[in-house]
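Dear colleague,

I am passing on the structure we spoke about, with the sequence alongside. Please have both open while you read the notes that follow.

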Amino acid sequence: MPTPYQPGQIWSYHTRPGEEDSRLTILQVDEVGPGRIVHIRVEGFSLSGPKGKPIDTIPHMPVFEEAINRSVVALLEEGSLLPEYQEGYRLWREAFDRGEAGAFHITVAEAIEAIAGVFRGKQVEQATAQIGNPSGTKDMGTTKKPRHQG
């Protein structure tokens, strides 16, 4: 079944409270063994990063399509120019191909909240205690690429 997500689309999504103007941009869609990974840019939210530095943009976030389906509300724009993301994607893809990176199975808002929890100094286990994935592990709601057997 074809994906409804295409590069250059801008979507509203179910945000954290107070961040209703936040938007996500579709950067790229990859077909992978366990499903489709939709690479997005998220902007217009607010969290306190390392040393209290404000963060309002995540330039590259890999999310499984089923989690995007649970996140998006409305398509706002098509054909927008893509921001630079290739370097972040390249680094992610290299790690993914080595089995060292994954993609979020949780919603975009839950992923932002998990990241915010880590920046607030919570342990990863505490920040993601309510977040599971199909394998039953608690790993920031991500699943890594299965290593090739052979």
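The largest nonpolar core of this predicted model has 23 residues, and those with the most contacts inside it are Leu24, Ile40, Val42, Met61, Ile68, Val108 and Ile112. Two or more residues of this core come from each of β1 (10–13), β2, β3, β4, α1 (65–71) and α3 (108–119). A second core, separate from that one, is made up of eleven residues, among them Tyr89, Trp92, Phe96 and Ala101. As background, nonpolar side chains in soluble globular proteins tend to be buried together.

Ile40 is a useful residue from which to look around the larger core. If its neighbours within four places in sequence are left aside, Ile40 is in contact with Leu24, Thr25, Ile26, Leu27, Ile58, Pro59, His60, Met61, Val63, Ile68 and Val108. One of these contacts, Met61, is also the residue in β4 that stands opposite Ile40.

The strands around these residues can be followed in order along the chain. Strand β2 (residues 23–32) runs antiparallel to strand β3 (residues 35–48), and nine bridges join the two; within this pairing, Leu24 has Val42 of β3 as its bridge partner. Strand β3 also pairs with strand β4 (residues 54–64), again in the antiparallel sense, over eight bridges. The hairpin formed by β3 and β4 has five residues between the strands, and in that turn Lys51 has a positive phi of about 60 degrees.

Turning to the whole chain, the protein has four helices and seven strands, and from the N terminus on the elements follow the order β-β-β-β-α-β-α-β-α-α-β. Of the 150 residues in the protein, 46% are buried, while the accessible surface comes to about 8,400 Å², with 53% of it belonging to carbon and sulfur atoms. Among the contacts with a separation of 6 or more, 62% are between residues 24 or more positions apart.

One last residue deserves a separate look, namely Leu81, which lies in the loop between β5 (72–77) and α2 (86–97). Is Leu81 buried or exposed? Its relative accessible area is 81%, and because a residue over 50% counts as exposed, Leu81 is classed as exposed. The C-alpha atom of Leu81 is separated by 9.1 Å from that of Gln9, a residue 72 residues apart from Leu81 along the chain.

With best wishes

Note on methods: Residues are numbered from 1 along each chain as its sequence is written. This is a predicted model: local features need pLDDT of at least 70, side-chain atom pairs count only at pLDDT 80 or more; totals for chains, interfaces and linings use all residues. Side-chain values use heavy atoms; hydrogens and water are left out. Two strands pair if DSSP finds at least two bridges between them. Buried means under 20% relative accessible area, exposed over 50%, partly exposed in between (1.4 Å probe, protein chains only). Contact means heavy atoms within 4.5 Å. Accessible areas come from the Shrake-Rupley method with a 1.4 Å probe; for residues, only the protein chains shown count as cover. A nonpolar core is a set of buried Ala, Val, Leu, Ile, Met, Phe, Trp, Tyr and Cys residues joined through side-chain atoms within 4.5 Å.
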